[in-house]
Amino acid sequence: MKQKSWISIVFSFASQCRGKIALSVLCAVISVAAGLIPYWSVYQIITFFIDSSPGMAEVWKWCGIGLGAYAVRFLLYGISTSLSHISAYTILENIRLTLAQRLMKAPLGTVIGESVGKLKSILVDRVETIELPLAHMIPECISNLLLPAAVFLYLVYIDWRMALAMLATLPFVLIAFAVMMKDFNQLYADYMESNNDVNGVIVEYVEGIEVIKAFNQSSSSYEKFARAVESFKGYTLKWYQNSWKVMNFVSAVLPSTFLGTLPIGMYLYWNGELTPQDLAMCLILSLGIVGPLMNFTTYINETKAIEYAVHDVEKLLHVEELPDTGTPVKVRSMDIQLQDVSFSYDKEGGQQVLSHINLNIPKGRFTALVGPSGGGKSTIARLIARFWDVDNGKITIGGVDIRDMPLSQLADIVSFVTQDNFLFNCSMKENIRLGNPNASDEEVYAAAKAACCDEFIQKLDDGYDTMAGDAGNRLSGGEKQRISIARLILKNAPIVILDEATAFADQENEEKIHQSIAALTRGKTLLVIAHRLSTIKNADQIIVLQNGQVENIGTHQQLLDSSFLYRNLWEAHIGAQKWSVGSGKGGN
Ligand code: ADP
């Protein structure tokens, strides 16, 4: 696929602010025109002095016009810049909103699979890098280009030879740029890659500091960190060295417009082909274009930075979308069925995680998934919640293929709690209320009690009003899990899936939570994946999964008799329990 230019991508986000951008451009153009008037005033005054003795009134008039135009120039430039800042922020807002919407529509698994650092870097930092250059480029590019162009035309009007003389240094500058640009793209790409690399290493270093300290790996981790920083320095200097010589050369040569205008101007003056006032005007104007042209050169790096940021955004905007029908369907029963389901995470010839699974998870019953780690239990749970779509076969709820159901309807039907529990930075009460925004405070407290979190929340400084951010570090993994369970209880969805949702709870609490869940989910379809088999031993059916296939199905007692694998798992669990009780470690 041909990559779209960054300009067309940026402008595709500018639909609401096209008028403002146009106005910003118009103000910039008028500002440039106004900027030429002071030169015209000087020209008039010089002409008066050379041709005749001027009346002071004429001089004051042209001074006034020049000053007025100068003021208009800056006023309009200010308006143009304000409008372009507003437009740039509107574009940024649209980019961020579109990204967030796209992430909501992408398979949840894909979003979770991306590193938080990378997503944050694109959504916040990368998008932000676009604002300043974008806001300044609109008015500045226009004035920096238009002003020299207008001056050039004016010089052509005075004498075309002077116009060409003004550009005498330009060929040297263009050659220097051509030389610089030969390696520029590659060097910039290397610089960006090493920039990303150093960002990744820094995030890893900071996030992993606990492990680094616990395993005394500070010197080797530091080395990796130092190497990344060192190589970043190397690439930055290489890129810088490639540009600074050329940029210095350009800064020295480009402003030297007198090299052309002075000899040619003198020659034409001596030959009587240029009046003294025209000569003075040409010299003044040729100096006037130096600033804008120099400013223009600084956009080379900024354009590259925007181009990279926009293409990163574009890549994220093209993550595959989960098809969503959007039309609600009638679901008559809450039976879940997996029919001939196969799935692999890596679609390009990767290992199949589930192959041809057929399962019936009946409504109103408690089903448990057990088996050795890596057998595919969590994958089944995630597929039912539609984190991804199955590769083969189908998953149905009440006979309806979950792909024919809007994602929002599926989310209403299914409550899914895993061991990673996220608390939003709002109060404990609001965190629980996320399960059901219409719940009363009393309902929130009741759910908290059922999930065994009432006691520890009451102990927080502001009880249920404590902000999660303030309490976050003081809450243990098990406590955060219990808040998620309270959310789930409050949501009261007809299908409840718990994937190691109580793994961090201590044994006493875990049993209490499971009793509450069992009571509160009576009549609902309950699917539990639990490492501690004692919590699922009362399940109506236990499915033993191994290497992506169903090994056996039955009740606890049936499986003890018929499944060698289950018996082994059970004995290992009982053994571990005895060991943990014996060694006084309390099974946490
Ligand atoms: P279980 O829950 O039984 O421990 P999982 O369903 O988590 O097993 O994993 C089954 C297999 O799929 C494992 O080999 C695991 O490495 C792989 N797997 C799990 N999640 C992902 C993922 N997001 N990307 C790639 N492979 C994965």
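Helices here are DSSP runs of H or I, at least four residues long, numbered from the N terminus. The model is predicted. Keep both points in mind as you click through.

**Stop 1: helix α2**

Select residues 18–51. This is helix α2, and C27 lies in it. Is C27 buried or exposed? Its relative accessibility is 9%, under the 20% cut-off, so C27 counts as buried. Now show its contacts. Setting aside neighbours within four places in sequence, C27 touches L76, I79 and S80.

Next, colour residues 21–39. The unreviewed UniProt entry lists this span as a transmembrane region. In the model, residues 21–39 are 100% helix and 0% strand. Their end C-alpha atoms are 28 Å apart.

**Stop 2: residues 141–157**

The same UniProt entry also lists 141–157 under "transmembrane region". Select that span. It is 100% helix and 0% strand. From end to end, C-alpha to C-alpha, the distance is 24 Å. Further spans listed in that record are 163–181, 246–270 and 276–296.

**Stop 3: helix α10**

Draw a distance from C27 to L268. The two are 241 residues apart in sequence, and their C-alpha atoms are 37 Å apart in space. L268 is one of the buried residues of α10.

Select 258–270 to see α10 as a whole. The helix has 13 residues. It reaches 17 Å from its first C-alpha to its last, close to the 18 Å expected at 1.5 Å a residue.

Which residues of α10 are buried? They are G260, T261, G265 and L268. Look down the axis of α10: these buried residues fall within an arc of 100°, so they line one face of the helix. The helical repeat is worth recalling here. An α-helix has 3.6 residues a turn, so residues three or four places apart point the same way.

Turn to the face of α10 away from the buried side. It carries the exposed residues L259, Y267 and W270. Then add the cover over the buried residues of α10, which includes α6 (160–166) and α11 (276–288). Just after α10, stop at G272, with a positive phi of about 75°.

**Stop 4: Q277 in helix α11**

Move on to Q277, which lies in helix α11. Q277 is buried, at a relative accessible area of 7%. What does Q277 contact, leaving aside neighbours within four places in sequence? Show Y43, I46, T47, I50 and D51: Q277 is in contact with these residues.

**Stop 5: the four-stranded sheet**

Switch to cartoon. Four strands form an open sheet in the order β2-β1-β4-β5, with antiparallel pairing. Its edge strands are β2 (354–361) and β5 (400–401), each pairing on one side only.

Select β1, residues 336–343. β1 pairs with β2 in the antiparallel sense over five bridges. Label I336 and look across to β2, where I361 stands opposite.

**Stop 6: two backbone angles**

Finish with phi values. Most residues other than glycine have a negative phi. Two residues to check are H356 and C452.

H356 lies in strand β2. Although not a glycine, H356 has a positive phi of about 50°. With 49% relative accessibility, H356 counts as partly exposed.

C452 is in the loop between α17 (441–450) and α18 (454–459). C452 is not a glycine either, and its phi is positive, about 60°. At 14% relative accessibility, C452 counts as buried.

Definitions and conventions:
Residues numbered from 1 in each chain as written. Predicted model: local features only at pLDDT ≥ 70, side-chain atom pairs only at ≥ 80, totals over all residues. Heavy atoms only, no water. Helix = DSSP H or I, 4+ residues; strand = E, 2+ residues; numbered from the N terminus. Expected span 1.5 Å × (residues − 1). Buried < 20%, exposed > 50% of the residue type's maximum accessible area, 1.4 Å probe, protein only. Arc of directions from axis to C-beta. Contact = heavy atoms within 4.5 Å. UniProt positions renumbered as here; feature names shortened; annotations may be inferred. Pairing = 2+ DSSP bridges.
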